[in-house]
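Reader: I would be grateful for a close look at the aromatic pairing in this model. Please then set it within its surroundings, and state the cut-offs behind each term.

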Amino acid sequence: MNVISLSSTQDRNFVAQVEKESGQSVSQCYQCGNCTAGCPYTSVYDIPVHQVMRLLQAGQKQTLLSCRSIWLCASCQSCTTRCPNNIDVAHVMDVLRHMARREGHATEYGVKSFVDSFLASVERNGRAFEMGLLVSYILKTGKFWTDVDLAPKMLPKNKLSPFPHKVKNPEAIAKIFERFRQEGHK
Ligand code: SF4
Ligand code: SF4
């Protein structure tokens with residue numbers, strides 16, 4: 001069991017920052033556990049989502065930004081729909097993941113690599129180009145045999161086109177990414 005010294009590790013600025021970025025009132029969580037009960041990823045989380053909320057209330061920045069759970073969260077919104085206090089818990093998880101990125105934490109490197117490859121593909125092509133995404137992910141992670149067993153099923157259905165599909169105005173989508181960066185996001 002990990003013992004955390006709250007008095008020496010509490011960071012109130014962190015709580016205020018998460019509340020500002022998420023628009024959620026963290027103090028309203030009363031630890032009913034409904035979010036964890038509905039979370040499909042609890043079995044692989046290192047910190048269940050209700051404990052993420054509790055550690056957040058206690059300003060435990062380092063513990064949260066370096067945990068695996070925020071990267072494994074699928075943004076399925078189940079926690080949000082179950083919260084009796086209408087806290088958008090999924091959005092809080094998103095904000096924690098963004099903060100972790102900004103501060104150089106990527107506890108689940110494979111997840112970050114996939115997201116980076118996906119976003120680069122959408123920026124470049126206006127939508128995801130599956131074959132390019134696959135190659136980029138493999139090059140980033142060195143996982144050459146990931147999902148290779150799916151290829152025989154996907155190829156005959158033309159799900160792995162060698163060229164990107166065209167969209168009408170890819171420049172408009174590239175501008176969204178440009179604006180996002182101009183606002184200081186990563
Ligand atoms: S959004 Fe994330 S934390 Fe919430 S239930 Fe889904 S996987 Fe779990
Ligand atoms: S469901 Fe809402 S109130 Fe209950 S533990 Fe989760 S965040 Fe807190």
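Author: Across the whole structure, which is a predicted model, the search returns 1 aromatic pair. Its members are Phe-114 and Tyr-137, in an edge-to-face arrangement with 6.0 Å from centre to centre and 75° between the planes. Rings of Phe, Tyr and Trp (for Trp, the six-membered ring) are paired when their centres lie within 6.5 Å; planes under 30 degrees apart are called stacked, over 60 edge-to-face, and the rest tilted. The contact joins distant parts of the chain, as Phe-114 belongs to helix 9 and Tyr-137 to helix 10 (residues 130–141), 23 residues apart. Helices are DSSP runs of H or I with at least four residues, strands are runs of E with at least two, and both are numbered from the N terminus. The two rings fall into separate accessibility classes: Phe-114 is partly exposed at 40% relative accessibility, whereas Tyr-137 is buried at 13%. Buried denotes under 20% relative accessible area, exposed over 50%, and partly exposed the range in between, with a 1.4 Å probe and protein chains only.

Two conventions apply throughout. Residues are numbered from 1 along each chain as its sequence is written, while chains are lettered from A and ligands numbered from 1 in the order in which they are written. Local features require pLDDT of at least 70 and side-chain atom pairs count only at pLDDT 80 or more, whereas totals for chains, interfaces and linings use all residues; side-chain values use heavy atoms, with hydrogens and water left out.

Helix 9 also takes part in charged contacts. Side chains of opposite charge can pair when their charged atoms come close. Here a salt bridge is a side-chain nitrogen of Lys or Arg within 4 Å of a carboxyl oxygen of Asp or Glu. One such contact brings together Glu-123 and Arg-181, with 2.9 Å from N to O. Glu-123 lies in helix 9 and Arg-181 in helix 12 (residues 170–182), so that distant parts of the chain, 58 residues apart, are linked. Both partners are partly exposed, Glu-123 with a relative accessible area of 23% and Arg-181 at 47%. Shared partners also join Arg-101, Lys-112 and Asp-116 into one network of salt bridges. Within that network, Asp-116 and Lys-112 meet at 2.7 Å, N to O. Both lie in helix 9, 4 residues apart, about one turn of the helix. Asp-116 counts as buried at 18% relative accessibility, and Lys-112 as partly exposed at 21%.

In total, the structure holds 8 salt bridges. Another of them pairs Glu-103 with Lys-61, whose closest N and O atoms are 3.1 Å apart. Glu-103 sits in the loop between helix 8 (89–102) and helix 9 (109–125), and Lys-61 in helix 5 (residues 61–65), so this pair too links distant parts of the chain, 42 residues apart. Glu-103 is partly exposed, at 41% relative accessible area.

Helix 10, which carries Tyr-137, also contributes to the second largest pocket, where it provides the largest share of the lining, 5 residues. A pocket is found on a 1 Å grid over the protein atoms alone, as an open set of points with protein on both sides within 12 Å along at least five of seven lines; lining residues have an atom within 4 Å of a point. The volume of this pocket is about 320 Å³, where a volume is the space filled by probe spheres set on grid points joined across faces, edges and corners. Of its 14 lining residues, Leu-134, Thr-146, Asp-147, Met-154 and Leu-160 lie nearest the centre. Helix 10 and helix 11 (151–154) are the elements that supply two or more residues to the lining. By class, the lining comprises 11 nonpolar, 1 polar and 2 charged residues. Ala, Val, Leu, Ile, Met, Phe, Trp, Tyr, Cys and Pro count as nonpolar, Asp, Glu, Lys and Arg as charged, and the others, Gly among them, as polar.

As wider context, the protein has 12 helices and 0 strands. Its C-alpha atoms fill a box of roughly 55 × 40 × 30 Å along the principal axes. Of its 186 residues, 34% count as buried, a class that includes Tyr-137.

Conventions
1 Å grid on protein atoms, 1.4 Å probe; cavity = no way out; pocket = protein on both sides within 12 Å on 5 of 7 lines; lining within 4 Å.
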